[in-house]
Amino acid sequence: MTMATGFYESDAAVEQYLLFHYGTPEQICPLLPEARTACGFPARCVSESLRHVVLQKRTRALDLGCAVGRSSFELGRHFDEVVGIDFSRRFIAAAERMRAERAVTVRVPGESSATDELRLELPLELSADRVRFERGDACVLRANLGTFDLVLMANLIDRLPDPGKCLARLPGLIPSGGWLVLTSPYTWLEEYTPRAKWLDGDGRGTLSALNKRLAPAFELRRAFDLPFLIREHRRKYQWSVAELSIWQRR
């Protein structure tokens, strides 16, 4: 495991991502109300993408790179079965705990050495019965996963050691008429992805590179920006703008 991927097994990452996924806007961003529109990103990934998708079936969905699971539960509003997969053992354990207990308490950085203790809850309207989680490698998925009416890959593609290998597997997971939703701020870093594996479209941008890779099997239907906010401490945040792209299987 590299130092970079090791971050996602740390206590700090688990608590940061639990807050990112399940915190209320006031918990995530207590000091600046006008920034709260960028909160709730995992839920918005699902709601915003499904506004532009016509689902022929609502049988199965895959949340690939599910982290601590909020998008998986949101997909459970719309599909009979949802599978959430992540490489991090700690993230999958946290998602399973939320599924079983529906609430966790985290301690997140406040100011200096101070911490804020926050109770995070799975909203009552979200059912856990349709969702299951498993650890897996997005670049080497197990062969018997089956097919899905929709696959969501939220902020995953630029954290893979071989994103092209992951993309090559997708046509076998999505039947004709099914959907792929990708989001990413395209923050390519050599700590995660060797430079030769970056999808940068030879300087034309990642969406161009994605289109080149996916076009034989998928048609790009829509792309738009979706900002998100990750709290580092009470007065410091990661503010990023992901591009959400929606693709339909030919």
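**View 1. Two aromatic residues share helix 2 of this predicted model.** Tyr17 and Phe20 both belong to helix 2 (residues 11–22), where they are three residues apart, about one turn of the helix. Helices (H or I, at least four residues) and strands (E, at least two) are DSSP runs, numbered from the N terminus. Tyr17 is buried at a relative accessible area of 15%, and Phe20 is buried too, at 7%; buried here means under 20% relative accessible area, exposed over 50%, and partly exposed in between (1.4 Å probe, protein chains only). Residue numbers start from 1 along each chain as its sequence is written. Because the model is predicted, local features need pLDDT of at least 70 and side-chain atom pairs count only at pLDDT 80 or more, while totals for chains, interfaces and linings use all residues; side-chain values use heavy atoms, with hydrogens and water left out.

**View 2. Aromatic rings meet around Tyr17.** The structure holds ten aromatic pairs. In one of them, Tyr17 and Phe20 are edge-to-face, 5.9 Å centre to centre with 90° between the planes. Rings of Phe, Tyr and Trp (its six-membered ring) pair if their centres lie within 6.5 Å; planes under 30 degrees apart count as stacked, over 60 as edge-to-face and the rest as tilted. Tyr17 also pairs with Phe91: the ring centres are 5.1 Å apart and the planes lie at 40°, so this pair is tilted. It links distant parts of the chain, with Tyr17 in helix 2 and Phe91 in helix 6 (residues 89–101), 74 residues apart. Phe91 is buried, at 2% relative accessible area. One aromatic cluster includes Tyr17, Phe20 and Phe91, along with Phe7, Tyr8, Phe41, Tyr192 and Phe228.

**View 3. Arginine charges sit over rings.** The charged end of Arg159 is placed over the ring of Tyr192, 4.2 Å from its centre. Likewise, the charged end of Arg135 sits over Phe87, 4.4 Å from the ring centre. The criterion is NZ of Lys or CZ of Arg within 6 Å of the ring centre and within 35 degrees of the ring normal.

**View 4. Seven strands make an open sheet.** The strand order is 5-2-1-6-7-9-8, with mixed pairing. Strand 5 (131–135) and strand 8 are the edge strands, each pairing on one side only. Two strands pair if DSSP finds at least two bridges between them. Strand 1 (residues 60–64) and strand 2 (residues 81–86) are parallel over five bridges, and Asp63 has Gly84 in strand 2 as its bridge partner. Strands 8 and 9 run antiparallel, joined by 14 bridges, and form a hairpin with two residues between them. Strand 9 also pairs with strand 7, antiparallel over six bridges. Look for Trp247 in strand 9, the bridge partner of Leu180 and also of Leu220.

**View 5. Helix 8 turns one face inward.** In helix 8 (residues 206–214), the buried residues are Thr206, Ala209, Leu210 and Leu214. Seen down the helix axis, they fall within an arc of 120° (taken from the directions from the axis to the C-beta atoms), so they line one face of helix 8. Their cover includes helix 7 (163–169), strand 7 (179–184), strand 8 (218–233) and strand 9 (236–249), with contact meaning heavy atoms within 4.5 Å.
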